[in-house]
Amino acid sequence: MLTDVYTSLQLLLRWIHVFAGIIWVGHLYFFNFVNVPFQAVLSADMKKVVNPQLLGRAFWWFRWTAMVTFIAGFLLFTMLYMYTPGVGFGPSDLWRTADGMTGRAMWISLGMLLGFGMWANVWFVIWPAQKKILTAVRDGQPVDPALPKRALKVSRANAYLSGPMLFGMLAPNHFGGFDIVSAIVAIALGLVAIWWAIGQSSSAGTDIATPPSAKT
Ligand code: HEM
């Protein structure tokens with residue numbers, strides 16, 4: 001009975017974690033794959049109207065779901081790897097066996113390292129910079145040119161980190177043992193997927209806005 005409650009709580013946390021993670025990373029991809037090229041076609045006047053309204057909302061979902069993802073992930077980690085019902089706190093059998101650290105623990109460590117880096121980038125770099133940018137745009141004040149550059153660089157870094165991070169989240173439960181070749185392949189695939197999507201982003205979906213007849 002106690003185990004049932006414990007397992008159900010884990011499922012609930014897992015669901016909250018993935019639900020919030022989808023919203024967070026969905027917005028990250030919206031910013032990187034849609035908003036970056038979109039901003040290039042907006043005039044300063046349009047930015048003043050559109051950006052505080054649109055991006056102010058988008059950044060709210062982005063930063064708070066990053067927080068929920070992180071907290072639920074941390075609790076899930078504690079329940080799975082750092083606690084054993086009936087025994088108490090301490091590394092569980094999922095974390096280590098007599099042979100040492102498990103493959104599952106290595107995969108989730110990789111995923112959590114990348115996920116934690118992304119969370120810190122959201123809260124300590126991207127959002128503080130965007131808050132200043134959006135406030136200045138709203139008030140018609142000049143924007144410190146270093147801010148958009150920093151925000152874009154770190155947002156791009158987060159997009160790249162997200163590809164390998166997702167392998168680190170999925171492999172513990174759905175792959176099995178950790179080995180260095182699989183880890184390198186997972187990291188490479190994750191990076192290539194994001195590189196491909198960013199490469200598509202300047203032209204993808206522009207056929208309605210820019211029909212062939214309007215192209216020179
Ligand atoms: C922010 C730091 C994060 C931490 C500390 C964290 C932690 C965890 C933990 C402990 C697990 C359970 C692994 C296991 O079953 O062995 C997990 C699974 C998972 N996480 Fe994260 N995570 C983070 C970020 C993210 C992000 C950004 C996403 C994006 C969607 C994500 C998506 C997932 C998915 C899809 C699973 C697998 C669920 C399953 O297979 O049942 N995580 N995470």
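**Exercise 1.** Which residues are exposed on the other side of helix 5? Work out how the helix is laid out.

*Solution.* First, the ground rules: this is a predicted model, where local features need pLDDT of at least 70, side-chain atom pairs count only at pLDDT 80 or more, and totals for chains, interfaces and linings use all residues. Residues are numbered from 1 along each chain as its sequence is written, and side-chain values use heavy atoms, with hydrogens and water left out.

Step 1: pick out the buried set (under 20% relative accessible area, 1.4 Å probe, protein chains only; exposed is over 50%, partly exposed in between). In helix 5 (helices are DSSP runs of H or I, at least four residues, numbered from the N terminus), that gives Ser182, Ala183, Ala186, Gly190, Ile194, Ala197 and Ile198.

Step 2: check the arc, taken from the directions from the helix axis to the C-beta atoms. These residues cover only 140 degrees, so they sit on the same side of helix 5.

Step 3: turn to the other side, and you find Ile180, Val181, Ile184, Trp195, Trp196 and Gly199 exposed.

**Exercise 2.** Which residues have the most contacts inside the largest nonpolar core?

*Solution.* Step 1: a nonpolar core is a set of buried Ala, Val, Leu, Ile, Met, Phe, Trp, Tyr and Cys residues joined through side-chain atoms within 4.5 Å. The largest has 26 residues, and Trp24, Phe59, Phe62 and Trp119 top its contact list.

Step 2: sort by helix. Helices 1, 2, 3, 4 and 5 each chip in at least two residues, with helix 3 giving the most, eleven.

Step 3: look for another core. A second, separate one has eleven residues, including Tyr6 and Trp95.
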